[in-house]
Amino acid sequence: MTSLIHHHVIENVLQYKMRGKVAYLGNLSAMSALQITYVKPYDHPSGKGYQRPVDSQRCNDFAMYLSKGDDALFTPILLNAESNWEFSAYDKSRASFGRLICRGKASLMDGQHRLGGIKRYTQDTHSEISVPFLAFHYLDEDEEIMLFDTINTKAKGIGISLSKYLHRNSDDNSWVATQLIIRGDSPFHFNSTLTGKRSVGRHVTLQNLYKMLELLTKAEHVANLDKEEKLMLCLVYFNAIKEQFNKEWLNYKEYRLTHIVCLNALAIAGNEVFSISVGEEKRTIDYNQVTKCVKKLKNVEWSSTGPLRYIKGLSGSRTLANELISQMV
C-alpha cells in the first residue's frame, strides 16, 4: 500500500453494531474515497469477485445529477474494511465516537456508479464533495457476496407504480392516474392499487393506468390539455363505459373488460374519440360527444370464454381497438 493510505485518517466516525457486526458511519472527501476503496470485479482471479463492469453512462448520469447543486442528495456508499481500518475513540465517556486509521483499502460493495460519477464531477468542476459511507469492520468474502446479492435483488427498488405516485406533482399523467385511483367517483376506485401490488379485486396498478393514459392522450391537442381537463375526460369516458357494461366491469373473472389488454384497447380507441371531442383551436371539450360515442358500442362480447380470450399484448389491444373505433367513430 502507498504511504498515503498507510496514514489515512477519517475523523468524526461513529462506531456501532449491526446484527452483531461492528460497523462505522461517517463521511470522507471524494479524493479520499477514491484512494482508499477498491472494487472486486466478477472475474477476479480469486473466484470471489462479484462486481459488474462499471457502466460509464451511469457514472456520467450521476455526475450530471450532482451538477444540479444542493438538491442532489445521495445515499452512503457501502464498504467492507476487511479489518484494515482501526477505530480509536476520542475519549472514554463517548467510546463510540472517534477516528478511523486506515492501513489498507476497503472493498466497495455498493456505490461504484456513485463514486464513478463523483470522480467525474469533482474532476470537471475542480471541487470537493463529501461522501457519506457505512463500513463494516470485517465481512468474510462469502458474507460480502451475500450482502451484495441482497442489496441488488431482495431489497428491490420501490417499483414503477410507487415511483409514478411519488412523481404525481411534477408529471401530469402520474397525477391523473393517481386521481383515477383515489377519487370515489372514478370507475377505477375499487379495482386498482397505488403501490403496484395486485390483490384480489385490485388488479389494475397505477403503472397500468399510466401506460393507458399515454395511449389515451396521444393526440397532440389532447396531450396539451391541462391535467384537470384530462382527468375530466377520462372520468366521463370510463364512467360511460362502466355504465354501459356494468356487470362486465364488476366481474373481472368472467369478463375481460377490465383486463389490461382491453383497457389499453379502450384507451387507443378513446384517443380517436377524444380527438374529435376536443376542439383543436378553441380548447372546447364536448363531453356529450364522448358519451355518445361510447353508447354506440353495442355488441362487444367481453366474456373471458369468448373470442377475446385470445387477444394478448399491445398488438392484441390494437386489433380490438380498430373494431371499437369502427363502431364508435
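**Reasoning through a fold**

Student: How many bridges join strand β5 to strand β6, and which way do the two run?

Tutor: Strand β5 (residues 85–91) and strand β6 (residues 94–102) run antiparallel, and six bridges join them. Keep in mind that this is a predicted model.

Student: What makes β5 and β6 count as paired strands?

Tutor: Pairing takes at least two bridges. These strands have six, so they count as a pair. Along the way, Asp-91 stands opposite Arg-94 in β6. The two strands form a hairpin, with two residues between them.

Student: Let's move to Thr-37. Why is Thr-37 called buried?

Tutor: Buried means under 20% relative accessible area. Thr-37 comes in at 10%, so Thr-37 counts as buried. You'll find Thr-37 in strand β3 (residues 37–38).

Student: Which backbone oxygen does the side chain of Thr-37 reach, and how do you know that this is a polar contact?

Tutor: The side chain reaches the backbone oxygen of Ala-33 at 2.7 Å. The cut-off for a polar contact is 3.5 Å, and 2.7 Å is within it, so the distance fits. Leaving aside neighbours within four places in sequence, Thr-37 is also in contact with Leu-79, Lys-105, Ala-106, Leu-108 and Leu-115.

Student: What makes helix α7 largely enclosed by the rest of the structure?

Tutor: Helix α7 (residues 172–182) has 11 residues and nine of them are buried, so the helix is largely enclosed. Among the buried ones are Asn-173, Trp-175, Thr-178 and Ile-181. What covers them includes α6 (160–166), β9 (192–193), α8 (206–216) and α10 (227–244).

Student: And Ile-268 in helix α12: why does Ile-268 count as buried?

Tutor: Its relative accessibility is 17%, and the cut-off is under 20%, so Ile-268 counts as buried. Leaving aside neighbours within four places in sequence, Ile-268 is in contact with Leu-215, Ser-317, Arg-318, Ala-321 and Ile-325. Ile-268 and Asn-322 are 54 residues apart in sequence, yet 8.5 Å apart in space, C-alpha to C-alpha.

Student: How do the axes of α12 and α13 cross?

Tutor: The axes of α12 (residues 260–277) and α13 (residues 287–295) come within 9 Å and cross at roughly 140°. α12 passes α13 in a right-handed crossing. There, Val-273, Phe-274, Ile-276 and Ser-277 in α12 meet Gln-289, Val-290 and Cys-293 in α13.

Student: How many residues of that contact are nonpolar, polar or charged?

Tutor: Five are nonpolar, two are polar and none is charged. Cys counts as nonpolar, so Cys-293 belongs on the nonpolar side.

How values were computed: Residues numbered from 1 in each chain as written. Predicted model: local features only at pLDDT ≥ 70, side-chain atom pairs only at ≥ 80, totals over all residues. Heavy atoms only, no water. Helix = DSSP H or I, 4+ residues; strand = E, 2+ residues; numbered from the N terminus. Buried < 20%, exposed > 50% of the residue type's maximum accessible area, 1.4 Å probe, protein only. Polar contact = N/O pair within 3.5 Å; in protein donor to acceptor, adjacent residues only side chain to side chain. Contact = heavy atoms within 4.5 Å. Axes fitted to C-alpha atoms, helices over the stretch in contact; angles between N-to-C directions. Left-handed = near helix turned anticlockwise from the far one by under 90°.
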